[in-house]
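Biologist: I'd like to go through the charged residues with you. Please give me the reasoning behind each label, not just the label.

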Amino acid sequence: MEDTKLVYAFKLLTGEYKGPKTLDNTDRSPISGAWQIPCNMVEVAPPAIPEEHQCLWDGTQWSIKEIEKPKAPEIPEATQAPE
């Protein structure tokens, strides 16, 4: 029987990948010995995440999305007062 199990955590509300976590024997059912994987973790490893991207769990698989950069606020052009 395995002593540990590697799983991958994500934020519940957004699905954003948080990182790997190692489960140990305290994460097993005391009756059956089956792994009790928390609801915000999966056994499926995420793909490589390129820079400026994030990895999201959609409930069935990981997807990669580009991180949206905030738009610079538009600065109105200065108007000159009539002479």
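Modeller: Let's start with what counts as a strand: a DSSP run of E with at least two residues, numbered from the N terminus. With that in hand, Arg28 sits in the loop between β2 (17-23) and β3 (41-42). Keep in mind that this is a predicted model.

Biologist: Is Arg28 buried or exposed, and how do you know?

Modeller: Buried means under 20% relative accessible area. Arg28 has 12% relative accessibility, so Arg28 counts as buried.

Biologist: What makes the approach of Arg28 to Asn25 a polar contact?

Modeller: The cut-off for a pair of N or O atoms is 3.5 Å. The side chains of Arg28 and Asn25 meet at 3.1 Å, so the pair is within that limit. A polar atom of the Arg28 side chain also lies 2.5 Å from the backbone oxygen of Gly33.

Biologist: Why is Lys5 with Glu43 called a salt bridge?

Modeller: The rule asks for a side-chain nitrogen of Lys or Arg within 4 Å of a carboxyl oxygen of Asp or Glu. In this pair the closest N and O atoms are 2.9 Å apart, so the name fits. Lys5 belongs to strand β1 (residues 5-10) and Glu43 to the loop between β3 and β4 (53-57), so the bridge ties together parts 38 residues apart in sequence. Lys5 is buried at 14% relative accessibility, while Glu43 is partly exposed at 48%.

Biologist: How many salt bridges does that rule give?

Modeller: The count is two. Glu16 pairs with Lys11, with the closest N and O atoms 3.8 Å apart, so this pair also falls within 4 Å. Glu16 is partly exposed at 26%, and so is Lys11 at 41%.

Biologist: Which residues make up the patch of negative charge on the surface?

Modeller: Glu51, Glu52, Glu66 and Glu68 gather there.

Biologist: What makes Glu66 exposed and Glu52 partly exposed?

Modeller: Exposed means over 50%, and partly exposed runs from there down to the buried limit of 20%. Glu66, in strand β5 (residues 62-66), has a relative accessible area of 54%, so Glu66 is exposed. Glu52, in the loop between β3 and β4, has 45%, so Glu52 is partly exposed. Patch members need over 30%, so both values pass that test too.

Biologist: What is notable about phi of Glu52?

Modeller: Phi is near 65° there, a positive value in a residue other than glycine.

How values were computed
Residues numbered from 1 in each chain as written. Predicted model: local features only at pLDDT ≥ 70, side-chain atom pairs only at ≥ 80, totals over all residues. Heavy atoms only, no water. Patch = residues over 30% accessible without salt bridge, like charges linked within 9 Å, V, L, I, M, F, W, Y side chains within 5 Å. Areas by Shrake-Rupley, 256 points an atom, 1.4 Å probe, with all protein chains shown as cover. Lys, Arg positive; Asp, Glu negative; His and termini not counted. Charge placed at Lys NZ, Arg CZ, Asp CG, Glu CD. Helix = DSSP H or I, 4+ residues; strand = E, 2+ residues; numbered from the N terminus. Buried < 20%, exposed > 50% of the residue type's maximum accessible area, 1.4 Å probe, protein only. Polar contact = N/O pair within 3.5 Å; in protein donor to acceptor, adjacent residues only side chain to side chain.
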